[in-house]
Amino acid sequence: MGFNATYLSPLDPTDLARQSLPFGYYYIDAWSLDGKLHAVRFYFDIRVVQWNTTQIGNALYHSMHLTSKQSMVEVADISKDSTLYFVMENRPDMTWQTGANASDVRTKFVAGGPHYRTAGIPIPENNDNWPILSYQIDLGNITQTNTLYIQIRSSYYWSAYDTINDIVYSGYCRKFDDVRSKAIEFDNKVLADGGAISSKYNDLISFSLRMTFAAMDITIPRLGNGTVDTSDLKIFMKDIGSSGRVNPVEVIYAAFPAILYFNSTLAGSLLEPLLEYQTSSDYNNAYAAPDLGNAYPKVQGNSSDTTELALENCGNMLIMTLAHALKSGDGSLIYHYYDLLKGWADYLEKNTLHPAGYLNADGEGNPNLSNLALKGILGLYAMGKIGDTTGNSSDASHYQSQAQNYYSQWENLAVSSGHITSVYGDASNWGLIYNLYAAKLLGSDLVNDHIYTQQSQFYASQIGKAPKFGLPYDTNDVGKAKSHWTMFTAATVSDSSLRDSLISMVWQRASYNDTVASAQGAMFAPLALNLASRSISGPSEPSTPSTTKHKTKVGAITGGAVGGVVGFISLLGLAFFIRHTRRHMNEAFVHQPFSSHMVPNYSDSNTPLSKPYHTTAHLSPQGDHSTTGMHSAAMSGSGGTGSDLRMEFEQLRRDVSALQTEHLQNIEPPPLYDFNSAHM
């Protein structure tokens, strides 16, 4: 018999209840290699701490949690008040058992002994013998498996369900076929879009997608009467695999292409917590904050002195807020937070053309950084467009004029010897001018076309001298490549063969990484440029918040693709889901407007963020590489449906393995890409 085990974590950005529910399917395909019948049994178990077993309809689930829960505490990125649900269809060929000793239960299974539909031996306190919860499926004599399914959960979903039983039985236990079909539909949509660029690009977007969405909690408040308010939707992003910061601005900026591409409405819900906090009495800085604190899931805010990051964050926030309005058609943020945005534009106007004493997202602090100055100028441009859209014609005229004036000066200062320099006037240095991407995303005509052509020609002249894993992001920080900025740059070049070369360099590095980073939404930078801008509408009249807990409907979702995620045909399924008590965080943040009496909800961050965290990847032209760590994740495969899809996936996995083996034989380990936008 052949077996293939798959863990499916569905994404559906158009269905917020499903997207916010952290459920996953574990399923196994089995098939006869010789065409003959074979006896097949499957066994699964998990270690128990405190547990319960519940049967509802045709589903049965074990739930388990720590003996002593701790609210708002994480250890190794795992909440200390989580509950894990271990679910399976209650089918005739399924038996289950709990046991005080894992060895006894597993030994009986291996020996072919009976498995019971019982709680078995009670599990005593302080048991050191690995007590477990287990399932067994006895398929009998088969040549291949049949479809079986089950699933999991998180926080917006409470608008659709009352209890865990609702979720397990009514919500998801019977919906695997629907989830799977949408996963395949979504996969095909994304791969069709990506395939128009290249197969390597498809690999990159396949493995990067979950890194961004896995970092986001979709939240709504719970009211005093037990209902939920779906009109107050906010999203919190964790800087996963790195600092644990909440809604880190430069990470969101890097990941923004993926968020806009899949569901531009989500972009507004991600930005609003930052905007709302900075209009509260808890925040008094004249510039944009870098995050909402560094103790996720505690949303404490960050009112510390982060002047060094002011230009970076002001530019990022203005660019992203306008981009959200353009791609979603929702002008609520630019109308409601107009004065805040205008204040940031005023800060940029005073400081951006000749930046001194400021850091960019990569931690560089040289005076007159060309790329940082460009971001600030594009922030002024964004404010001009925001003023025009909201009917503030005087402001619109002022900021548009200033942006054009500053850009003309910037081009004279930043361009030398046929390329944009890293620092004004020093033709010996250069870098990836990834902030040109923002001009294209906003549909701006501020940047002259010849700049894109000139930069493309310059990058092409450097490709032959670069290590195979990429161009350095800046020669002032020699030998370091960054995947997210490489992809931003690839989206701006005017030569498709150069674009594909840059993508290939990121692809070469991808299979070596073993951690995740939400900034990898940058892989979708080329696709996000295909999104049409929409007519922007102003805020609607105030209405009574929806407090209905049953059959709550979300307003029209706008944006790129339709729901699901890369999926594979399943034949035997099992589901796990983690129930985090995220309600505490939701209530702490959005139960009422920000005010000082909400401490510790928005107390000052204990650790001022004066400089972005960053890790490095060292490159050399000769191909000698010194690696300081590993970031990112292995590539995912692509393909069609059924057995063809499985075979393509397996072939891709073998190809990647062979590629890794070849690399390891011929060269030293490759350099580390800095996959965290916060760590640049």
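Hi everyone, here is a short tour of one protein model, from its overall make-up to its cores and a few backbone details. Please keep in mind that this is a predicted model.

Let me start with the whole chain. The protein has 680 residues, and 59% of them are buried. Its secondary structure comes to 18 helices and 18 strands. If we take the contacts with a separation of 6 or more, 78% of them join residues 24 or more positions apart. As for the outside, the accessible surface is about 25,200 Å², and carbon and sulfur atoms account for 48% of that.

Now let's go inside. Which residues have the most contacts within the largest nonpolar core? They are W410 and F524, and the core they sit in counts 153 residues. The element that gives the most to this core is helix α6, residues 249-277, with 19 residues. There is also a second core, separate from that one, with 17 residues, among them A30, M88, W96 and I142.

I'd like to stay with W410 for a moment, so you can find it on the screen. Leaving aside residues up to four places away in sequence, W410 touches L353, S370, A373, L374, I377, I420 and Y424. One of those partners, S370, falls in helix α10, which spans 370-389.

On to the backbone. Most peptide bonds are trans, and most residues other than glycine have a negative phi. With that in mind, here are three places to look at.

The first stop is a peptide bond. Going from Y296 to P297, the bond is cis, with omega near 10°. You will find P297 in the loop between α6 and α7, the latter covering 310-328.

Next comes N368, which is not a glycine and yet has a positive phi, near 60°. N368 lies in the loop that links α9 (338-351) to α10 (370-389). Is N368 buried or exposed? Neither quite fits: N368 is partly exposed, because its relative accessible area is 23%, and the buried class is for values under 20%.

Last is S417, another non-glycine residue with a positive phi, this time about 55°. S417 sits in the loop between β14 (415-416) and β15 (419-420). The relative accessible area of S417 is 63%, over the 50% cut-off, so S417 counts as exposed.

To bring the two positive-phi residues together: N368 is partly exposed, whereas S417 is exposed. That's my tour, and thanks for listening!

How values were computed. Residues are numbered from 1 along each chain as its sequence is written. This is a predicted model: local features need pLDDT of at least 70, side-chain atom pairs count only at pLDDT 80 or more; totals for chains, interfaces and linings use all residues. Side-chain values use heavy atoms; hydrogens and water are left out. A nonpolar core is a set of buried Ala, Val, Leu, Ile, Met, Phe, Trp, Tyr and Cys residues joined through side-chain atoms within 4.5 Å. Buried means under 20% relative accessible area, exposed over 50%, partly exposed in between (1.4 Å probe, protein chains only). Helices (H or I, at least four residues) and strands (E, at least two) are DSSP runs, numbered from the N terminus. Contact means heavy atoms within 4.5 Å. Accessible areas come from the Shrake-Rupley method with a 1.4 Å probe; for residues, only the protein chains shown count as cover.
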